[in-house]
Amino acid sequence: MKLFKSFYIKVMLHVILGLFLGGIIALIYVTSTDGFKKYLEKKISQQFEQDFGLQLVCNVDDVDLLTCSVSISNISITPLTSGAFVEQEKNQWSIIAEKMLVRGSWLSLITKRALTLHMHLDHVVMMELFETKPEKLADFFVKIFSKISTTWLIYESVFIKNGLLYCKRTVDGLYAHIPYACQLQSNADSVKIQLYLKDGVAWYHQGAGLEKISASCVFDVPFENSLNLLHADVSATYDIYKNDLKIPGFASGTMRCGQAQISIKTEDGVVVVDPINIKCKQNSCWCDMSVQADSNVLKYFYESVLLSDLQGKIVTNFKFDLYNFWSSLLVTVSLEDLLYKTKSVFPGGKFIIKEHDQTRASGILQIHEKDLFKIDLQSLDGEKRLHAQNYGRLKWPSMFGWMIENDGLVIDVERDTKGNISGSYKITVQNIILKQQKIAQGTFAWRDGLLNIAGKADNFTWEGIISIGSEIVFKNFQIYDKGQVVLDVSSDEEQNNYITSSIDFSLVQKIVPESLKKSFTQDGAFVVRGFIKDGTLYGNIQTHYAHIRLPYVYNVISNMSMSCELDFVQKSLVLHDIVIDLHEGAMHCQRATFWFNNQLELSFVHAPVILDKIMMSLHKGIYSLVSGRLFLHKLQQDQSLNLEGQLFLHKTQIHENILSSEFHEMIMQMSDSSSQSVAQDIINLDIGLMVFDGLEIKTSFMDARAMIDVHLQGTVQKPKISGGIQFVNGQLQFPFKPIDIVSGKILFVPDQPLDPIIELTARGKLKKYLVTMQAWGTALDPHIKFQSQPYLNEEQILSLLILGVEDQSLSLMVPAFLTQKLQEIIFGPALSRTKLKSIFDVILKSMKYVRFLPQFTSQADRGGMRGIFEIDASENLHARLDTNFLQIEDTKADIDYDFTDDIKLRLQKDVPSTYGGEVEFRWKFS
């Protein structure tokens, strides 16, 4: 029985095993038929379309159910072909593989109810054409490795051998052709990607690109919150190509828990992106990077001779949120380390992008943290446009007061697809001195290294051609005033960098302030000859038929010559061997140096000047030959200009009254008006002024000689004068007889330049009297005192000085205003001889009614001689004086005043000193 059961079981097992093996054999046979393969191809395509919404076409070559593997060839993954839009998308991206081996696990199907797949692909070509960035391939790989609840397939790993990635941007022709090998391993939460690139190529349509791109990359990408939890290690090498030049470079970086640091460099250090800091959070992923590019990198993108002399670094800082790129992007370009032939181009320069999108950007150009220009950039259909206008005030380092207010400079530039540049400009300038506004506008075009420029302003027009290469050369440039050439710049045909320029005085007259316009009314021109090298103009400046009048000085410049070095990049001017010949006299300067800052303001000055007997005639009242030295200097930007020196006066004559306040006020007014027209900046003064051979003072009333020792301090706008004028000798011209100046001085007080202190003593012998005049006080508050020996009162002294008569009785005839008039003559403005004579004639006019009747009566008891004066002061006032010349107290006087024809008042003085009076009335009876 037991044997029967054992036999039965064996038979059953053999039957079951036979059926199983037969089923397997039958299944293997079925799966090897073409019909099953076609069925499987269809199911794979349907499942792929259901899972991913894409079309998959392939050939099933072999199916091995025992090992759960399938061999597939000629795989093609593309978008579905239904609809015109999808048909167009099909041509934009695809994945094609020559062979693929898919291995599954029956165990996972039993235990996990999902078939785990391992895929091995060979000769995989991934292609995508895109407008801005490749998105389709990225979306596909995100889907394929994500958990899909509707499928029973799990793509656990993918290995790609001999892969090729081809991407092209249709807008500008950028494309990448990169061979690669890749292994992707999926687990429950993420996919681990190992990517290897070998000899890849990426090119731009203008001939710049990367070659020999090789990289090793390891990524651990989570299915959810991928950027925050992404782990990555990247290491790559490549060669940058541009214009047949090769620059090797490399990149490396890591990312952990949402934070990454990446470094990108070229082998020669031309471009350094280090570091790239990335911080990812739940709703943001901020990237902060600094790109340092050597100026040599510009040569690889723009073929220009100008760039060959450009040196230094351009540092660009980027900050943006990957989740919201365009609205969060912040870009700052630092230009302060950019040099042109070792000279700074934008010292302290920085460009900050404020607004931007995919086609345009706008920002601010700063110089030393000061907003200077607002710039808008736009790229449309291959054409680039730039709009720039000044953000703040621009001014020149000149005495003329011209400046450009905010938005006064507007420039528009366009660059077409062929690289040609054209544009327009408009400049509105203001003059704070003349209160004027001028507008200049025109066009320009740059092609083949030549800049053509044209424009107009008021009656002026200009046109020119400028060569922009290793040097900037004016091929020709002219400015016309109503058709007449007023500025002409041209270059030598054989030596392009050698230029000749002529600036007509009529153009200079239009630019200078009103007070200097009369200086350039005569015909003449400035002629400049020289050459430009390394951004510096080396030349000689010479006047042609010069006749330049100097304001307030009756002297003219007849010739001016010097050599110059004008550095446009460094903003400096050096003048050598300056010689200025005047009608009488000359000025010399061996070397004068001027440096300017970025706002074209003077930052450094060193200019020593020698004056050699320059004739000066101020207001035709002061004549002198001036010699000496002046030193104009400024050492630091925040300092004021300083004018120091020592001047000596020769053969000096003054035809103004230096005792008058009007004279000092005239000097201060000249200083004020000249400073307003010449200097807007503060100029500190420290100048000594001395007379070499004496100062001659010649007026109708004073003829004197003095010595000067004056020190000018303060500023040109508000000078302070100290020191004084010491009288050596001279005379005061009174009508009867002049008196000699025995001592005198004028002391200048720094705080009251219009009111110096005056001390003057004059003395003379008139008849038997020694008369002394003393004047003291200030120019605005003078005082006079007269004394004599023997004693006379002031009325007698004045009578003696004016009339030559000292009799006290004459005091009745001297006008009351005599003292005041005399003070006006001494301390007032200088008078002509005719005017002075007329004043004295007014005083002497009172004597026309005086009649002297001498009586030679001997008065032995009283002594002396008697005389009678009859005075008709007016029709109503009459007087008779009977006096002893030696005994003044022995005087009789009768003074009659007729009120009317019938009423008369009489005052009497009789001897001895008795006084009386009477009134006379007359009646008429008819």
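**Close-up views of a predicted chain**

**View A. D199 lies in strand 7 (residues 190-203), where strands are DSSP runs of E with at least two residues and helices are runs of H or I with at least four, both numbered from the N terminus.** The model is a predicted one, in which local features need pLDDT of at least 70 and side-chain atom pairs count only at pLDDT 80 or more, whereas totals for chains, interfaces and linings use all residues. Residues are numbered from 1 along each chain as its sequence is written, and side-chain values use heavy atoms, with hydrogens and water left out. Although D199 is a residue other than glycine, its phi is positive, near 55°. With a relative accessibility of 43%, D199 counts as partly exposed, a class that falls between buried (under 20% relative accessible area) and exposed (over 50%), as assessed with a 1.4 Å probe and protein chains only. N74, found in strand 2 (residues 69-79), likewise is not a glycine and has a positive phi of about 55°. The relative accessible area of N74 is 49%, and N74 is therefore partly exposed.

**View B. N187 occupies the loop between strand 6 (175-186) and strand 7.** This loop residue is partly exposed, N187 having 40% relative accessibility. From N187 to P222 the C-alpha to C-alpha distance is 9.4 Å, while 35 residues separate the two in sequence.

**View C. Helix 2 (residues 34-52) has 19 residues, and its end C-alpha atoms lie 27 Å apart.** That distance agrees with the 27 Å that the helix should span at 1.5 Å a residue, the expected span being 1.5 Å times one less than the number of residues. The buried residues of helix 2 are K37, L40, E41, S45, Q47, F48, D51 and F52. These buried residues cover an arc of only 165° around the axis, which puts them on the same side of helix 2; the arc is that of the directions from the helix axis to the C-beta atoms. An α-helix has 3.6 residues a turn, so residues three or four places apart point the same way. On the face of helix 2 turned away from the buried side are the exposed residues G35, K38, K42 and Q50. G53 follows helix 2 and has a positive phi, near 70°.

**View D. The largest nonpolar core of the model contains 84 residues.** A nonpolar core is here a set of buried Ala, Val, Leu, Ile, Met, Phe, Trp, Tyr and Cys residues joined through side-chain atoms within 4.5 Å. Strand 37 (residues 602-618) contributes the largest share of this core, 7 residues. The residues with the most contacts inside the core are L659, F727, L732, F734, M773 and F786. When neighbours within four places in sequence are left aside, F734 is in contact (heavy atoms within 4.5 Å) with F701, I739, M773, F786, L801 and L822. Another core, of 44 residues, lies apart from this one and includes L40, A97, L115 and L121.

**View E. The loop between strand 47 (782-789) and helix 11 (794-802) holds P790.** The peptide bond that leads from Q789 to P790 is cis, and its omega is near -5°. Beyond this loop, helix 11 is mostly covered, with 7 of its 9 residues buried, namely Q796, I797, L798, S799, L800, L801 and I802. Just after helix 11 comes G804, whose phi is positive at about 80°.

**View F. Ring pairs join F505, F520 and F526 into a cluster.** Rings of Phe, Tyr and Trp (its six-membered ring) are paired if their centres lie within 6.5 Å, and a pair counts as stacked when the planes are under 30 degrees apart, as edge-to-face when they are over 60, and otherwise as tilted. By this rule the count is 6 aromatic pairs. The ring centres of Y166 and Y175 are 6.3 Å apart and the planes stand at 40°, so this pair is tilted. Both tyrosines are partly exposed, Y166 with a relative accessible area of 26% and Y175 with one of 29%.

**View G. The whole chain contains 13 helices and 53 strands.** Of its 926 residues, 41% are buried. Among contacts between residues at least 6 apart in sequence, 41% join residues at least 24 apart. The chain exposes about 51,200 Å², of which carbon and sulfur atoms supply 57%; accessible areas come from the Shrake-Rupley method with a 1.4 Å probe, and for residues only the protein chains shown count as cover.
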